[in-house]
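Welcome to a short guided tour. Please open the structure in your viewer and keep the selection tool at hand.

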Amino acid sequence: MCGITGVFEYGRAVGNVMPDTVTRMRDMLGHRGPDGAGIHVTQDGRVGLGHRRLAIIDLAQGAQPMFGERGECLVFNGEIYNYAVLRRRLENCGARFRTNCDTEVIIHAYRHYGDECVKHLTGMFAFALWDPERERLLFARDPLGEKPFYWTVKDGTFLFASETKAILAHPRVTAEVNTGVLDSYLAHLVVPSPSTLYRDISKLPPGTAGSCDATGVRTWRFRDVTEPRTFLDVSLQEAASRVRDLLAQSVQARLMSDVPVGVLLSGGVRLHRARRPDAGPGHPPVHVLGRLRRRARTRRET
């Protein structure tokens with residue numbers, strides 16, 4: 001878990017983004033990233049990006065914000081599970097990598113695929129990428145919405161963060177209750193996207209990307225997991241085998257790490273198939289955590 005935040009004064013010819021403001025917003029997310037912190041403010045003062053890091057991959061070289069060869073600047077929260085495959089594909093197309101972390105893959109994917117890069121990413125992610133050549137900010141959230149991304153616009157200024165508290169740390173933003181969603185929250189204990197409990201602060205829906213430039217903000221859906229599915233005409237045995245294979249692949253993809261990995265067990269689904277994954281050579285040890293409950297006769301006391 002990392003924390004990202006940023007400010008883009010797209011409505012100004014000369015910006016007034018102050019490093020102290022970006023630092024204050026970033027450090028509201030300190031609990032999300034104890035291993036590192038960084039900010040970047042452009043020379044014209046129109047863009048400021050901040051990052052708090054929880055180091056998982058390439059501990060020595062994965063500091064953020066991360067920069068591309070053409071001046072792109074990226075802040076990223078999450079993991080790209082297919083980054084090794086995507087990296088080899090991009091290297092075959094001429095990309096030159098300076099690190100071994102999945103963060104840099106996003107920069108090169110953007111340079112090669114443009115906005116379509118989000119369709120090539122498999123994982124859990126939320127990121128914002130500043131393109132100085134186009135004077136444009138690209139941002140996105142993973143298809144299942146595992147990583148959060150909140151944003152708002154105030155007087156020609158686009159602000160975003162992993163949590164609303166970072167946005168509220170900006171001097172132009174005030175905390176006002178969004179009374180229109182209280183019924184939904186009290187009934188279901190959740191506020192549907194794109195609304196939040198704060199007026200004028202939105203959460204980016206899952207599988208959604210967006211951009212901000214001099215013309216303003218626009219968003220679009222790049223993947224929808226609720227789309228109708230195509231079902232295979234196979235036997236129950238074949239279907240069960242396929243599920244086991246997919247579960248094994250899913251667990252294996254999530255083992256990528258340069259630090260110890262833990263597996264948290266719950267009930268319901270028979271997670272014993274995932275509790276002792278075969279990490280294989282090169283992977284850190286897997287620690288299995290769970291809670292055992294003994295059957296006991298209860299006694300009612302009055």
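Start by selecting Arg 46. Its relative accessibility is 7%, so Arg 46 counts as buried. Now add Glu 135 to the selection: the two form a salt bridge, and their closest N and O atoms are 3.6 Å apart. Arg 46 sits in the loop between E2 and E3, while Glu 135 sits in the loop between E6 and E7, so this pair ties together parts that are 89 residues apart in sequence. Glu 135 has a relative accessible area of 42% and is therefore partly exposed. Keep in mind during the tour that you are looking at a predicted model.

**Step back to the whole chain**

Clear the selection and show the chain as a cartoon. How many helices and strands does the secondary structure come to? The chain has seven helices and 14 strands. Of its 302 residues, 45% count as buried. Switch on the surface next: the accessible area is about 17300 Å², and 50% of that belongs to carbon and sulfur atoms. Contacts tell you about the path of the chain, too. Among contacts with a separation of 6 or more, 58% are between residues 24 or more positions apart.

**More salt bridges**

The whole structure holds 16 salt bridges. As background, side chains of opposite charge can pair when their charged atoms come close.

Select Asp 115 and Arg 136. Their salt bridge has its closest N and O atoms 2.6 Å apart. Asp 115 belongs to the loop between H3 and E6 and Arg 136 to strand E7, so the pair ties together parts that are 21 residues apart in sequence. Are these two partners buried or exposed? Asp 115 counts as buried because its relative accessibility is 18%, and Arg 136 is buried because its relative accessible area is 5%.

Now move to Asp 224 and Arg 221, whose side chains meet in a salt bridge of 3.6 Å, N to O. Asp 224, at 22% relative accessibility, counts as partly exposed. Arg 221 also counts as partly exposed, at 47%. For a group rather than a pair, select Glu 69, Glu 72, Arg 96 and Arg 111, which are joined into one network by salt bridges that share partners.

**Into the nonpolar cores**

In soluble globular proteins, nonpolar side chains tend to be buried together. To see this chain's largest nonpolar core, select Phe 125 and Phe 127: of its 30 residues, these two touch the most other members. Colour strand E5 (73-80), helix H2 (83-92), helix H3 (102-113), strand E6 (123-131) and strand E7 (136-141), since each supplies at least two residues of this core. Which of them gives the most? H3 does, with five residues.

Zoom in on Phe 125 and show what surrounds this residue. Leaving out residues up to four places away in sequence, Phe 125 touches, among others, Phe 76, Ile 80, Val 118, Pro 143 and Phe 222. Apart from this core lies another, of 18 residues, including Trp 130, Trp 151, Phe 160 and Leu 204.

Next, find Phe 149 in the loop between E7 and strand E8 (150-154). With a relative accessibility of 1%, Phe 149 counts as buried. Beyond its neighbours within four places in sequence, its contacts include Ile 4, Phe 127, Phe 139, Phe 160 and Leu 204. Try a distance label from Phe 149 to Glu 163: these residues are 14 apart along the chain, and their C-alpha atoms are separated by 7.2 Å.

**Look down a helix**

Select helix H1 (residues 19-27) and highlight its buried residues, Thr 21, Val 22, Met 25 and Arg 26. Turn the view so that you look down the axis of H1: the buried residues fall within an arc of 135°, so they line one face of the helix. Then reveal what covers them, including strand E1 (3-8), strand E2 (36-41), strand E3 (47-53), strand E9 (157-161) and helix H4 (164-168).

**Finish on the surface**

For the last stop, select Val 177, Leu 182, Tyr 185, Leu 186, Leu 189 and Leu 197. They form a nonpolar patch on the surface, with about 560 Å² of accessible area together. Leu 182 lies in helix H5 (residues 182-188) and, at 32% relative accessibility, counts as partly exposed.

Methods
Residues numbered from 1 in each chain as written. Predicted model: local features only at pLDDT ≥ 70, side-chain atom pairs only at ≥ 80, totals over all residues. Heavy atoms only, no water. Patch = residues over 30% accessible without salt bridge, like charges linked within 9 Å, V, L, I, M, F, W, Y side chains within 5 Å. Areas by Shrake-Rupley, 256 points an atom, 1.4 Å probe, with all protein chains shown as cover. Salt bridge = Lys/Arg side-chain N within 4 Å of Asp/Glu carboxyl O. Helix = DSSP H or I, 4+ residues; strand = E, 2+ residues; numbered from the N terminus. Buried < 20%, exposed > 50% of the residue type's maximum accessible area, 1.4 Å probe, protein only. Core = buried A, V, L, I, M, F, W, Y, C linked by side-chain atoms within 4.5 Å. Contact = heavy atoms within 4.5 Å. Arc of directions from axis to C-beta.
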